[in-house]
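Here are some questions and answers on a protein structure, for reading alongside the sequence and the model.

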Amino acid sequence: MIPIIGLIAGVTAGLLMQPSVPGWLTPYLPIAVIAALDAVFGGVRAGLEGIFNDRVFVVSFLSNVLVAALIVFLGNQLGVGGQLATGVVVVLGLRIFSNVAAIRRHLFGA
Amino acid sequence: MMSERTPDPGSSAQKQQTRPNAARARMWRNLGSLRASTGNVLVAVLLAALGVAVVAQVRTTQEEGLVGLRQADLIQLLDDVTTRADNLEAEIIELEAVRADLLDDDSEAAGEAAQQRLDSYRILAGTAGATGPGVLIRVDDPDQVLAADDIMAMVQELRDAGAEAIQIGDVRVVTSTWFADDDSGALLVSGASVDAPYEIRAIGDAHTLSGAMAIPGGFNDVVRRSGGTVAIETPGSVVVDALHEPAEPRYAHPVPGDDD
């Protein structure tokens with residue numbers, strides 16, 4: 001329950017405080033958010049399968065975000081920023097889809 | 001940090017069957033517990049950060065300015081804007097040249113010339129009334145023998161004699177005017193029926209116009225031979241006040257080139 005409270009608190013704080021994204025962060029934030037969502041869905045699936053581990057979740061969350069940001073940075077430096085970002089988003093989207101499918105199977109058996 | 005590893009009892013078949021129920025039970029159990037272990041709190045913190053980030057990103061996307069674009073997009077944008085600016089510059093130069101041209105000519109004379117052209121076009125098109133010296137022709141045709149052809153020939157004769165504005169009854173005669181006889185033999189001028197006695201007014205040189213009507217075999221003779229009467233008056237000034245509604249040409253458009 002506590003994690004969900006955390007999520008709701010974060011969204012509420014965001015809506016109330018209306019933070020503006022600092023300039024240097026803007027190219028990385030979208031991809032980082034998708035990567036974090038991928039970790040979250042992975043965590044939910046692990047929870048439903050009974051193998052959820054706090055340490056594993058935290059590490060996977062942070063490493064996903066860092067790797068995504070790194071890939072965006074590298075892509076921009078190499079000049080393939082747009083394509084690489086698209087690729088990353090596609091892969092993350094695939095993983096989110098498969099995690100959601102597993103969650104669905106666990107919850108509804110279908 | 002506590003891990004929630006629950007060893008699954010039973011055969012795999014049983015596991016298959018109870019999996020959804022077990023998963024759902026686990027879900028409700030987790031949602032219900034408010035146990036604050038270090039791990040839980042850390043996860044909550046991360047999810048809070050995620051919540052803030054999502055809201056911030058959505059807001060940024062909604063009000064995206066130039067900050068969020070990548071380099072390639074910005075270069076493209078710059079190219080577009082530069083091209084637009086170049087085109088506008090060229091247009092400015094063109095318009096300034098036209099303006100200088102117009103200012104160069106003696107503006108008053110140009111204005112007067114334009115007004116004169118407008119007036120003469122209006123008279124020709126029939127959208128303005130006209131007055132001046134001319135003739136008043138009254139034709140009586142009691143037997144309705146006169147045909148549209150005869151009236152047409154009269155108009156041609158008047159034009160040949162220099163008539164500048166012609167009116168039959170209360171229909172203005174312009175370039176698009178046509179003559180016909182309707183079923184009962186009455187005269188139709190551009191579709192409007194004009195009854196005898198016909199009153200025709202024409203503005204031009206009175207002498208030349210009346211002379212044109214009086215030539216042997218001309219209009220006067222045609223009327224008399226048909227058993228009608230024609231009377232021509234030359235008052236000091238004739239008013240042609242019937243107007244014509246101009247219609248937009250549907251098929252014809254002007255040839256591009258120099259216009260006078």
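Q: What percentage of the residues in chain A is buried?
A: The model is a predicted one. A residue counts as buried when its relative accessible area is under 20%. Of the 110 residues in chain A, the buried ones make up 38%.

Q: Which elements does chain A contain, and in what order do they run from the N terminus?
A: The secondary structure of chain A has 4 helices and 0 strands. Read from the N terminus on, the order is therefore written with helix symbols alone, given the count and the definition of these elements: α-α-α-α.

Q: Among contacts in chain A between residues at least 6 apart in sequence, what percentage joins residues at least 24 apart?
A: Contact here means heavy atoms within 4.5 Å. Taking the contacts in chain A between residues at least 6 apart in sequence, the share that joins residues at least 24 apart is 75%.

Q: Is A:Asn64 buried or exposed?
A: A:Asn64 is part of helix 3 of chain A, which covers residues 54-78. Its relative accessibility is 19%. The cut-off for burial is under 20%, so A:Asn64 counts as buried.

Q: With which side chain does the side chain of A:Asn64 make a polar contact?
A: Leaving out residues up to four places away in sequence, A:Asn64 touches A:Ala35, A:Asp38, A:Ala39 and A:Arg95. A polar contact needs a pair of N or O atoms within 3.5 Å. At 3.1 Å, the partner of the A:Asn64 side chain is the side chain of A:Asp38.

Q: Which residue of chain B belongs to the nonpolar surface patch with A:Met1, A:Ile4, A:Ile5 and A:Ile8?
A: The five residues of this patch have about 450 Å² of accessible area together. The chain B member sits in the loop between helix 1 (12-32) and helix 2 (38-62) of chain B. With a relative accessible area of 57%, this residue is exposed, because exposed means over 50%. The residue is B:Leu34.

Q: How many Å apart in space are B:Gly228 and B:Asp140, C-alpha to C-alpha?
A: B:Gly228 lies in the loop between helix 7 (219-225) and strand 9 (229-233) of chain B, and is buried at a relative accessible area of 11%. Apart from neighbours within four places in sequence, B:Gly228 is in contact with B:Asp140, B:Pro142 and B:Val223. B:Gly228 and B:Asp140 are 88 residues apart in sequence, while their C-alpha to C-alpha separation is 5.3 Å.

Note on methods
Residues are numbered from 1 along each chain as its sequence is written. Chains are lettered from A and ligands numbered from 1 in the order in which they are written. This is a predicted model: local features need pLDDT of at least 70, side-chain atom pairs count only at pLDDT 80 or more; totals for chains, interfaces and linings use all residues. Side-chain values use heavy atoms; hydrogens and water are left out. Helices (H or I, at least four residues) and strands (E, at least two) are DSSP runs, numbered from the N terminus. Buried means under 20% relative accessible area, exposed over 50%, partly exposed in between (1.4 Å probe, protein chains only). A polar contact is a pair of N or O atoms within 3.5 Å; within protein, one must be able to donate a hydrogen and the other to accept it, and residues adjacent in sequence count only if both atoms are side-chain atoms. Patches are made of residues with over 30% relative accessible area and no salt bridge: like charges are joined within 9 Å, nonpolar side chains (Val, Leu, Ile, Met, Phe, Trp, Tyr) within 5 Å. Accessible areas come from the Shrake-Rupley method with a 1.4 Å probe; for residues, only the protein chains shown count as cover. A salt bridge is a side-chain nitrogen of Lys or Arg within 4 Å of a carboxyl oxygen of Asp or Glu.
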